[in-house]
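Here are some exercises to work through with the structure open beside you. Try each task yourself before reading its solution.

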Amino acid sequence: MLKISGTFCAALTPLNEDYSINKDLFLDHCSRLLLQNLDGLGIFGTTGEANSFNLNQKIDAINFLINNNIDPKKLIIGTGLCSINDTVSFTKNISNLNIKAVLVLPPFYYKDVSNEGVIEFYKRVIEEVGDNELKYILYHFPKLSGVPINFEIIEKLLKLFPQNVVGIKDASADIDFMLKIIKYFGDFAVFSGSDSLALKICKQGGAGAITATSNISGKLLSFIYNNYQNEGEIENFQNLQVKIRDVLPNNELISTLKAYMSVTSKNSEWNRVNPPLKKIQNPENNKTVISLIELTKKMDELLSNT
């Protein structure tokens with residue numbers, strides 16, 4: 001039996017004009033996402049611009065959410081950093097908040113590192129944090145990190161920490177790799193980082209999805225996940241796979257999602273990103289943003305007919 005499963009939104013992090021975290025807007029966004037029947041939120045992952053903030057900013061924002069009635073059991077928090085000490089410090093600091101899990105990216109500065117080096121990183125983090133109850137989800141995103149998490153790494157970490165290491169988020173879009181992990185490791189939770197692959201993964205025993213596009217399609221993703229076992233009873237179920245991710249650019253996904261949020265919420269505060277990302281000027285006239293608005297209208301129409 002999987003120790004963790006469901007649909008989680010990799011939440012965007014809104015900014016103030018001085019690039020600090022806009023905590024009030026962050027709280028509002030997270031609260032709205034949880035009303036869309038998602039199982040929880042991924043906070044300070046890639047989509048949340050995690051590595052553009054320091055530890056104190058992130059810890060302060062997390063405490064603000066929890067102190068304002070965001071259930072910590074709904075939170076998967078990204079804690080993987082280049083520095084082992086920072087990763088340990090961050091993870092240890094939030095381990096007593098009763099959160100769902102931590103999502104840990106491997107250190108991403110050095111490339112072509114050995115499996116042994118990656119295993120040692122995770123080993124040191126888990127041992128130095130020292131919480132036998134804390135759940136760890138490995139973060140496989142080789143295109144961004146340059147450090148893949150392969151079968152050997154998973155196998156050895158599961159032997160070392162069977163209670164802690166419970167799953168992996170795969171943002172590689174390599175469905176064959178995900179299906180092999182599901183088949184080989186049994187109750188190890190495999191989360192798709194892509195909405196479009198979530199249905200296929202779940203049908204084969206996957207745990208669910210942790211995705212960026214669920215910032216604007218969370219209701220749809222949660223509906224698909226909660227109803228895929230009964231898809232034969234739902235008319236045009238396959239049509240629910242609205243290809244929102246196909247419209248988004250790979251390199252500026254965050255900027256585009258924030259531009260979309262600024263237009264649909266009529267709040268220009270959303271249209272800010274940390275450098276080196278660049279905000280979209282005049283988002284209301286941006287072709288991709290316009291396409292996303294049309295797709296989400298289609299999504300709402302499809303859901304209203306189910």
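The exercises below begin with the sheet and then turn to helices and single residues.

This is a predicted model, in which local features need pLDDT of at least 70 and side-chain atom pairs count only at pLDDT 80 or more, while totals for chains, interfaces and linings use all residues. Residues are numbered from 1 along each chain as its sequence is written, and side-chain values use heavy atoms, with hydrogens and water left out.

**Exercise 1. The barrel**

Task: Find out which strands make up the closed barrel, and by how many degrees neighbouring strands are turned on average.

Solution:
- Step 1. Helices (H or I, at least four residues) and strands (E, at least two) are DSSP runs, numbered from the N terminus.
- Step 2. Two strands pair if DSSP finds at least two bridges between them.
- Step 3. Follow the order β1-β2-β3-β4-β5-β6-β7-β8: these eight strands form a closed barrel with parallel pairing.
- Step 4. On average, neighbouring strands of this sheet are turned by 25 degrees against each other, direction ignored.
- Step 5. Now look at where β1 meets β8: strand β1 (residues 6–10) runs parallel to β8 and is joined to it by four bridges. Here Cys9 has Thr211 in β8 as its bridge partner.

**Exercise 2. Around strand β2**

Task: Work out which strands pair with β2, and which residues stand opposite each other there.

Solution:
- Step 1. Start with β1, which runs parallel to β2 and is joined to it by three bridges. Cys9 stands opposite Leu41 in β2.
- Step 2. Move on to strand β3 (residues 75–78), which pairs with β2 in the parallel sense over three bridges. In this pair, Gly42 faces Ile76 of β3.
- Step 3. Check the connections. A crossover is right-handed if, with the strands pointing away from the viewer, the path from the first strand over the helix to the second runs clockwise. By this rule, β1, α1 and β2 form a right-handed β-α-β unit, and β2, helix α2 (residues 55–67) and β3 form a right-handed unit too.

**Exercise 3. The two faces of strand β7**

Task: Are the residues of β7 buried or exposed, and which way do they point?

Solution:
- Step 1. Recall that in a regular strand the side chains alternate between the two faces of the sheet.
- Step 2. In strand β7 (residues 189–192), Ala189 and Phe191 point one way, with Val190 and Ser192 pointing the other way.
- Step 3. All of these residues are buried; buried means under 20% relative accessible area, exposed over 50%, and partly exposed in between (1.4 Å probe, protein chains only).
- Step 4. Find the partners. Strand β6 (residues 165–170) runs parallel to β7 with four bridges, and Lys169 stands opposite Phe191. Strand β8 (residues 208–211) pairs with β7 in the parallel sense over two bridges, and Ser192 stands opposite Ala209.
- Step 5. From β7 the chain crosses through helix α8 (residues 195–203) to β8 in a right-handed β-α-β crossover.

**Exercise 4. Two helices that pack**

Task: Describe how α9 and α12 pack, and name the residues that meet.

Solution:
- Step 1. Axes are lines fitted to C-alpha atoms, for helices over the stretch in contact, and angles run from 0 to 180 degrees between N-to-C directions.
- Step 2. The axes of α9 and helix α12 (residues 287–304) are 10 Å apart, and the helices pack at an angle of about 35 degrees.
- Step 3. Contact means heavy atoms within 4.5 Å. From α9, Ile216, Ser217, Lys219, Leu220 and Phe223 meet Leu292, Thr296, Met299 and Leu303 in α12.

**Exercise 5. Two single residues**

Task: Compare Ser222 and Asn16: where is each located, and is each buried or partly exposed?

Solution:
- Step 1. Ser222 is in helix α9 (residues 214–227). Ser222 counts as buried because its relative accessible area is 2%.
- Step 2. Leaving aside neighbours within four places in sequence, Ser222 is in contact with Thr7, Gln36, Asn37 and Leu38.
- Step 3. Asn16 sits in the loop between β1 and α1 (23–34). Its relative accessibility is 24%, so Asn16 counts as partly exposed.
- Step 4. Not counting residues up to four places away in sequence, Asn16 touches Ile21, Asn22 and Arg272.
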